[in-house]
Amino acid sequence: DVSSEIIEDLFNAGKISSRYEDESFFTRMIKVNREFPGASILFHKRGVLPKELQDIWSYPKLLHIVEQLVGPNIIGHTVWNLRVKLPNNEPEVVPWHQDNGYLLESSLATMMPTAWIPLLDTGKENGGMELIKFSQKPGITGEHHCCAGATWYIEMDEEEIENKFGGDIEKDSVICNVPFGGILLFSNALIHRSLPNPSDKIRWSLDFRWQDPEKSTGRPEKSDNLPLMMKNGTAIENIDFSGIQGRHG
């Protein structure tokens, strides 16, 4: 269980009375967060990338799909997430935005495909993804403001979507039903959000990004040590992920 380390830390610090080891992967953090509100946020912000997630991010078949979008040389982008979305927990509801909204203006010229990978069947009933179809076509980054509600997320107003992008939210929004084992692949310029989770289980998901190493990452810090995953169309073995541990969106 990827949440065990933060749970052990909270237990040893006397913040929770139990490790809740009898709970499932989809309920354990719910119990922890009830005792120590904010535990799920601490987990999200820790940014530990275990070997199992490294293998998914650099899976050769996935890289060959990405190759068709960014070219034969591919690095993993510095923004990645293992997301825990608790039932009815506002800080984990992500409003309308473009990924470019979190990055420097130069990111608009870089294709950074995002793969959103749920760890269970997802849809409206448990906090799935919703997008505005074709909203990447204008090739612009809309105005975002921070922060939305009780979150740390930026947000794009619906008026901005309709006026600047010509979108009709009622007509153009699509709720994506993504099954376990599937992925949702989209552009860094696409407007999207994640819905509230009204179920009784955690909606776990991953999101990974890739790009050409010669193009802007849209981040102010140096990114020379981001993991090289493909070179000249050949997937790299023994990828060095050390430069990305503890760094995420």
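Helices here are DSSP runs of H or I that span at least four residues, numbered from the N terminus. All views below show a predicted model.

**Figure 1. A salt bridge within helix α6 joins E160 and K164.** The two side chains meet with an N to O distance of 3.1 Å. E160 and K164 are 4 residues apart in helix α6 (residues 158-164), so about one helical turn separates them. E160 is buried, because its relative accessible area of 15% falls under the 20% cut-off. K164, at 40%, is partly exposed. This pair belongs to a structure that holds 10 salt bridges.

**Figure 2. A salt bridge connects helix α1 to helix α3.** The side chains of E5 and R46 meet here, at 3.0 Å from N to O. E5 lies in helix α1 and R46 in helix α3 (residues 39-46); the two residues are 41 apart, and the pair links distant parts of the chain. E5 is partly exposed, with a relative accessible area of 47%. R46 also counts as partly exposed, at 30% relative accessibility.

**Figure 3. D99 and R209 form a buried salt bridge.** The closest N and O atoms of the pair are 3.3 Å apart. D99 sits in the loop between β2 (81-85) and β3, while R209 is in strand β10 (residues 203-211). The two residues are 110 apart, and the pair links distant parts of the chain. Both D99 and R209 are buried. Salt bridges with shared partners join R83, D99, D207 and R209 into one network.

**Figure 4. T114 in strand β3 contacts the side chain of D99.** T114 belongs to strand β3, residues 114-118. A polar contact of 3.0 Å runs between the side chains of T114 and D99. T114 is buried, with a relative accessible area of 1%. Leaving aside residues up to four places away in sequence, T114 touches D99, L184, L185, F186, D207, F208, R209 and W210. Among these contacts, D99, D207 and R209 are also members of the salt-bridge network of Figure 3.

**Figure 5. F208 packs within the largest nonpolar core.** This core has 36 residues, and those with the most contacts inside it are M29, V32, L49, W57, F208 and W210. Beyond residues up to four places away in sequence, F208 touches L49, L53, I56, W57, W80, P113, T114, A115 and I117. A second, separate core has 8 residues, including W116, L131, V178 and L190. In soluble globular proteins, nonpolar side chains tend to be buried together.

**Figure 6. The buried residues of helix α2 pack against α1, α3 and β2.** R28, M29, I30, V32 and N33 are buried in α2. Of these, M29 and V32 are listed among the residues with the most contacts inside the largest nonpolar core.

**Figure 7. A nonpolar patch lies on the surface.** I65, L69, M111, I183 and L185 make up this patch of about 370 Å². L69 is found in helix α5 (residues 60-70). L69 is partly exposed, with a relative accessible area of 41%. L185, another member of the patch, is one of the residues touched by T114 in Figure 4.

**Figure 8. A cis peptide bond joins C146 and C147.** Omega for this bond is about 0°. C147 lies in the loop between β5 (145-146) and β6 (154-155). Most residues other than glycine have a negative phi, and most peptide bonds are trans.

**Figure 9. Y20 has a positive phi.** The angle is about 55°, although Y20 is not a glycine. Y20 is placed in the loop between α1 (4-12) and α2 (28-35). With a relative accessible area of 19%, Y20 is buried.

**Figure 10. N232 has a positive phi.** N232 is not a glycine either, and its phi is about 55°. The residue is found in the loop between β11 (228-231) and β12 (234-235). N232 is exposed, with a relative accessible area of 59%, whereas Y20 in Figure 9 is buried.

Note on methods. Residues are numbered from 1 along each chain as its sequence is written. This is a predicted model: local features need pLDDT of at least 70, side-chain atom pairs count only at pLDDT 80 or more; totals for chains, interfaces and linings use all residues. Side-chain values use heavy atoms; hydrogens and water are left out. A nonpolar core is a set of buried Ala, Val, Leu, Ile, Met, Phe, Trp, Tyr and Cys residues joined through side-chain atoms within 4.5 Å. Buried means under 20% relative accessible area, exposed over 50%, partly exposed in between (1.4 Å probe, protein chains only). Contact means heavy atoms within 4.5 Å. A polar contact is a pair of N or O atoms within 3.5 Å; within protein, one must be able to donate a hydrogen and the other to accept it, and residues adjacent in sequence count only if both atoms are side-chain atoms. Patches are made of residues with over 30% relative accessible area and no salt bridge: like charges are joined within 9 Å, nonpolar side chains (Val, Leu, Ile, Met, Phe, Trp, Tyr) within 5 Å. Accessible areas come from the Shrake-Rupley method with a 1.4 Å probe; for residues, only the protein chains shown count as cover. A salt bridge is a side-chain nitrogen of Lys or Arg within 4 Å of a carboxyl oxygen of Asp or Glu.
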